[in-house]
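Got your viewer ready? Let's take a walk through this model, one selection at a time.

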Amino acid sequence: MLGRTYDSQLCSIARTLEIVGERWTLLIIRDALLGLRRFEEFQDSLGIARNVLTNRLSKLVDDGLLDRVCYQERPARYEYQPTSRAKDLLTALLSLMHWGDEHAADPAGLPRIANHAGCGGSVRDQLVCSQCGQAVGPDAVHLLPGPALTDS
């Protein structure tokens, strides 16, 4: 069984889980990417305890996924804006969403649909070879040891 941290794991996935692996984190990022910005908006959307949300937002700011921006001076009020690091998680979030749509579907139908803002077409996550540009399925991907494992 893995401990509460993954410090001993030489793995990019484990390092990523140190940042986004907590139960509420990806849901907060999801909501930020959907346009929620203020503490009360996150709390209303998630039903999360105030102290837990405060801690999670603080960690997301510390980890560079959200910027805490003052929008009112007296009293001081802040909103949380997604950074480019948070936006880079969109592919992972869409993959999780599409997996859930297929393997853990809600009987009422799809909760959200991802469409291209430019033409309205459906957006799907997909694995693409950087050399030939071909779309590849999971069976055509080989995970090989990288420099961190071969240089030891």
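Start with the whole chain in cartoon view: there are seven helices and four strands to find. Helices here are DSSP runs of H or I with at least four residues, strands are runs of E with at least two, and both are numbered from the N terminus. Follow the chain along the sequence and you'll pass α-α-α-α-β-β-α-α-β-β-α. Before going further, know that this is a predicted model, where local features need pLDDT of at least 70, side-chain atom pairs count only at pLDDT 80 or more, and totals for chains, interfaces and linings use all residues. Residues are numbered from 1 along each chain as its sequence is written, and side-chain values use heavy atoms, with hydrogens and water left out.

Zoom out for a moment. Taken along the principal axes, the C-alpha atoms fill a box of roughly 55 × 45 × 30 Å. Of the 152 residues in the chain, 22% are buried; buried means under 20% relative accessible area, exposed means over 50%, and partly exposed is in between, using a 1.4 Å probe and protein chains only. Among contacts with a separation of 6 or more, 39% join residues 24 or more positions apart, where contact means heavy atoms within 4.5 Å.

**Stop 1: helix H3**

Select residues 39-46, which form H3. Which residues are buried here? They are Phe39, Phe42, Gln43 and Leu46. Look down the axis of H3: these buried residues fall within an arc of 95 degrees, so they line one face of the helix. That arc is taken from the directions that run from the helix axis to the C-beta atoms. As background, an α-helix has 3.6 residues a turn, so residues three or four places apart point the same way. Now show the surroundings: the buried residues of H3 pack against helix H2 (25-33), helix H4 (50-62) and strand E2 (77-82). Just after H3 comes Gly47, with a positive phi near 65 degrees.

**Stop 2: Arg50**

Next, click on Arg50 in helix H4. Is it buried or partly exposed? Arg50 is partly exposed, at a relative accessible area of 44%. Leaving out neighbours within four places in sequence, Arg50 is in contact with Phe39, Glu40 and Gln43. Try a distance label from Arg50 to Glu40: they're ten residues apart in sequence and 9.0 Å apart in space, C-alpha to C-alpha.

**Stop 3: the core**

Show side chains for Ile28, Ile29, Phe42, Leu53, Leu57, Leu65 and Leu66, the residues with the most contacts inside the largest nonpolar core, which has 19 residues. A nonpolar core is a set of buried Ala, Val, Leu, Ile, Met, Phe, Trp, Tyr and Cys residues joined through side-chain atoms within 4.5 Å. H2, H3 and H4 each supply at least two residues of this core. Pick Leu57 and see what it touches: not counting residues up to four places away in sequence, there are Ile28, Phe39, Phe42, Leu66 and Tyr80.

**Stop 4: helix pairs**

Colour H2 and H4, which pack at an angle of about 75 degrees with their axes 10 Å apart. Axes are lines fitted to C-alpha atoms, for helices over the stretch in contact, and angles run from 0 to 180 degrees between N-to-C directions. That angle makes H2 roughly perpendicular to H4, a label for 65 to 115 degrees. Thr25, Ile28 and Ile29 of H2 meet Leu53, Arg56, Leu57 and Leu60 of H4.

Now add helix H6 (residues 90-103): the axes of H2 and H6 come within 11 Å and cross at roughly 105 degrees. H2 is roughly perpendicular to H6 as well. Leu26, Ile29, Arg30 and Leu33 in H2 meet Leu90, Leu93 and Leu96 in H6.

**Stop 5: loops and the last helix**

Find Pro75 in the loop between strand E1 (66-72) and E2. The peptide bond from Arg74 to Pro75 is cis, with omega near -10 degrees.

Then jump to Asn115, in the loop between H6 and strand E3 (127-128). Asn115 is partly exposed at 46% relative accessibility. Beyond its neighbours within four places in sequence, Asn115 contacts Gly120, Gly121, Ser122 and Val123.

Finish at Ala148 in helix H7 (residues 147-150). How far apart in space are Ala148 and Leu10? C-alpha to C-alpha, Ala148 and Leu10 are 7.8 Å apart, though 138 residues separate them in sequence.

Note on methods: Parallel < 35°, antiparallel > 145°, perpendicular 65-115°, else oblique.
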